[in-house]
Amino acid sequence: MSNVSPSGPPMAASPLTRAVLEIDEYASGLGWDKPARLFALVDTAKLRAKAPGVVSASDDAAVSGLTPIDQEEIPANKPLDRFLGTIEWPDSVAGCAITVERQMLPPSAEASVPEGLSDKQLAKWVAAHPDRQEVRMTVAVLRGGARESAIRLREKDSPTEVLTGPDLVPGLAEALAATFA
């Protein structure tokens with residue numbers, strides 16, 4: 001678990017971790033049951049040089065070395081993997097991040113998943129399972145390969161209860177990394 005103060009991400013965290021926690025905090029402010037959101041991550045110093053009014057030097061204590069820029073809403077009618085396959089980032093984008101809400105089962109319940117279900121049937125089965133957890137996942141990758149994730153459980157919706165780590169959502173991180181291929 002991370003130690004996020006009410007005033008923002010921890011100062012000792014890497015710029016990528018701080019950006020992920022900043023996005024998680026932003027998504028938290030929007031509430032639950034929201035569509036997935038995509039963010040470009042740009043170098044804050046380069047952004048300040050090109051657009052001085054966007055991030056001021058006085059904001060340095062409050063922002064990470066990466067500035068998340070919210071992109072257009074992800075189309076609800078297009079599968080996430082197909083949508084991400086259409087993304088091409090300009091060279092000025094250092095990385096990208098996404099927030100998605102999903103239902104997950106604890107590892108103890110995974111053994112009871114019926115075999116042969118379609119994705120739609122599996123989603124319905126998970127939604128009906130008594131041990132399911134609603135989570136918001138924020139995953140970010142940098143062009144150079146660095147990754148970070150944050151997971152927030154709906155039942156523990158607090159910045160002090162956000163789990164962070166580079167390998168929490170490897171499939172989504174791979175899909176985001178592919179947008180730079």
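A150 stands opposite T164, a residue of strand 6. This pair belongs to a predicted model. Strand 6 and strand 5, which covers residues 147-153, pair in the antiparallel sense over 3 bridges. The points below go from the sheet to the protein as a whole.

**The sheet**
- The sheet is open and is formed by 6 strands, in the order 2-1-3-4-5-6, with antiparallel pairing.
- Strand 2 (66-70) and strand 6 (163-165) are at the edges and have a single partner strand each, so one side of each has no neighbour in the sheet.
- On average, neighbouring strands of this sheet are turned by 20° against each other, direction ignored.

**A helix on the sheet**
- Helix 6, made of residues 170-177, packs on the sheet.
- The strands that helix 6 touches are strand 1 (37-43), strand 3 (95-104), strand 4 (133-142) and strand 5.
- The direction of helix 6 makes about 35° with that of strand 4.

**Order along the chain**
- The protein has 6 helices and 6 strands.
- Read from the N terminus, its elements follow the pattern α-β-α-β-α-β-α-α-β-β-β-α.

**Contacts, burial and surface**
- Among contacts in the protein with a separation of 6 or more, 66% are between residues 24 or more positions apart.
- The protein has 181 residues, and 37% of them count as buried.
- The accessible surface of the protein is about 10200 Å², and carbon and sulfur atoms account for 54% of that surface.

Note on methods. Residues numbered from 1 in each chain as written. Predicted model: local features only at pLDDT ≥ 70, side-chain atom pairs only at ≥ 80, totals over all residues. Heavy atoms only, no water. Pairing = 2+ DSSP bridges. Helix = DSSP H or I, 4+ residues; strand = E, 2+ residues; numbered from the N terminus. Axes fitted to C-alpha atoms, helices over the stretch in contact; angles between N-to-C directions. Contact = heavy atoms within 4.5 Å. Buried < 20%, exposed > 50% of the residue type's maximum accessible area, 1.4 Å probe, protein only. Areas by Shrake-Rupley, 256 points an atom, 1.4 Å probe, with all protein chains shown as cover.
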